[in-house]
Each structure stands twice: as structure tokens, then as C-alpha cells.
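Open your viewer, switch to a cartoon view and keep the selection box handy. We will go stop by stop, and at each one you get something to select and a note on what is there.

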Amino acid sequence: MKGLIIFLIILPILVFLIFRKRKSRQVNLPENFRDLLNEHVSFYRQLDDAGKLRFEERIKDFLSYVRIHGVHTQVNDVDKLLVAASAVIPTFGFDWHYHNLRDVLLYPDRFDRDFSLTSDERNVLGMVGTGPMQRMMILSRPALRQSFATENSPHHTGIHEFVHLLDKADGETDGIPTQLLSRQYTIPWIKYMSEEIEKIKAGNSDINIY
């Protein structure tokens, strides 16, 4: 019953997000955004000056067309930067626009497959929306934060879901990002990914098979 009540509360928000017209907007990052990135994002911290500038521009671009909302939780500047960083990191080697994403919802905890925060099956940390949730991503805010706090973590909630979104860009979630295969400069990345997948299957990688 509690799950139904929460769903009914969230439903008007979802309807608005699904049917509103998408458009890019001017993004003004907080004055201390570089300090926040240096503190929370090790990938950014290890880049040279030119790389950091490019990363910042990609962050701004992402936030110009994707909105980040808190569901029963407060979203702050760090959360927005961490979501954007999760999107930029797996595509940093090439230009990419997430045409299949409009909104990211941050939840205060784990949730179940029906997006409930009260059921006994709350074991989901992140999910790419389907059906009526198309063009949305749902993330556990604590899991997102913890992923960036734990360097070299074998499972990164934010990056993991954005890789799913990359895979889904051709309409199928099958592990093969078809739209990237036609781009010559992605071939080394695809080759490396294929080799790593074989290591995972053989049990010779510290990456979780999921």
C-alpha cells in the first residue's frame, strides 16, 4: 500500500517529465565546481589542463540537455556534477550526445523494479528506464556518491548505467553499441572492451560479470 501511495505521488512528476518539450539551456556551474570535481572525481583529477578543460565543457553540454531531479531527496551541486561525470567518463575519448536521455531521477536509497522505496525487494541501485520511463535514468543517490568515494571500485553505479544507455542507443541492450562501431576512432575501445569481456567470462578480471 505504501508503495502505491509513493507511486501516485511520483506519477504527476513522471507525466510532466515524459511529455515536456526538450530543449538545451544555458548552464551556470557553481563557482567552486573545479574544486568539487578535483575533490570527488579522480578521473578529472588525473587529467592534464587541456583534458580538464575538455571534461568541463562536456559536463556543461550534458547538463544543458539533461535535468537531474531528487525524489524524496535533496539534490545539490555535487550530485549534479557526479551524474554528469558518470556520463562523460565512458565517452570521454569521443564526442557523444545522449539522445536517448532527458532526465535523471535520484532516489534516497535502493529501490525495486517498480521504483518503490518501501518494498522488501529494494535491491536496485540504478536503472535505465523503459516503456513509460523511456529517456529516464534512476539512480540511488547514496550509491552514486559511494562509487565516486571508492576509487578503483569494480562496480560504479553511475558509469555502469550510462554504459547501459550507450548500449541501448541502437534500440537494443545487447552489449554491442552499434552506433559506435561505424566510427573508426572507437575501434581500439571496442577491441579493448571485447578483450576485457573475455577475461570477465574466464574469471580473470576484477570486474563484476554483471
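Start with the sheet of this predicted model: select its strands, and you have an open sheet of 4 strands in the order 1-2-4-3, with mixed pairing. Colour strand 1 and strand 3 (126-128) separately, as these are the edge strands, each pairing on one side only. Going from one strand to the next, the twist averages 15 degrees.

Now zoom in on strand 3 and strand 4 (residues 136-140). They pair in the antiparallel sense, over 3 bridges. To find your place there, pick G126 and look across to strand 4, where L139 stands opposite.

Next, add helix 5 (77-88) to the selection. Which strands does helix 5 touch as it packs on the sheet? The contacts are with strand 1, strand 2 (103-107) and strand 4. If you draw axes, the direction of helix 5 makes about 125 degrees with that of strand 2.

Before leaving this area, select H72, in the loop between strand 1 and helix 5. Check its backbone torsions: phi of H72 is near 60 degrees, a positive value in a residue other than glycine.

Keep strand 1 and helix 5 on screen and turn on a pocket surface. The stop here is the second largest pocket, with about 250 Å³ of space. Its lining has 13 residues, and those nearest the pocket centre are R25, V27, L63, V66 and K80. Show these five as sticks and centre the view on them. Strand 1 (67-70) and helix 5 each supply at least two lining residues, and strand 1 gives the most, with 3. If you colour the lining by residue class, expect 6 nonpolar, 3 polar and 4 charged residues.

From open space, move on to enclosed space. The structure holds 3 cavities of 30 Å³ or more, and the one to visit is the second largest, with about 50 Å³ of space. Select R58, D61, F62, Y65, A87, V88, T91, W96 and Y98 to display its lining. Which helix gives the most to this lining? Helix 4 does, with 4 residues, while helix 4 and helix 5 each supply at least two. By class, the cavity lining divides into 6 nonpolar, 1 polar and 2 charged residues.

Two residues of that lining, F62 and Y98, deserve another look. Across the structure there are 10 aromatic pairs, and F62 with Y98 is one that you can check by hand. Place a centroid in each ring: the centres are 6.1 Å apart and the planes stand at 90 degrees, so the pair is edge-to-face. For planes, the edge-to-face class begins over 60 degrees.

Finally, trace the chain away from each ring. F62 lies in helix 4 (residues 49-65) and Y98 in the loop between helix 5 and strand 2, so this pair ties together parts that are 36 residues apart in sequence. With F62 and Y98 still selected, bring back the cavity surface, and you will see both rings' residues among those that line it.

Technical notes
Residues numbered from 1 in each chain as written. Predicted model: local features only at pLDDT ≥ 70, side-chain atom pairs only at ≥ 80, totals over all residues. Heavy atoms only, no water. 1 Å grid on protein atoms, 1.4 Å probe; cavity = no way out; pocket = protein on both sides within 12 Å on 5 of 7 lines; lining within 4 Å. Points joined across faces, edges and corners; volume = space filled by probe spheres on them. Nonpolar A, V, L, I, M, F, W, Y, C, P; charged D, E, K, R; others polar. Pairing = 2+ DSSP bridges. Axes fitted to C-alpha atoms, helices over the stretch in contact; angles between N-to-C directions. Contact = heavy atoms within 4.5 Å. Phe/Tyr/Trp six-rings, centres within 6.5 Å; stacked < 30°, edge-to-face > 60°.
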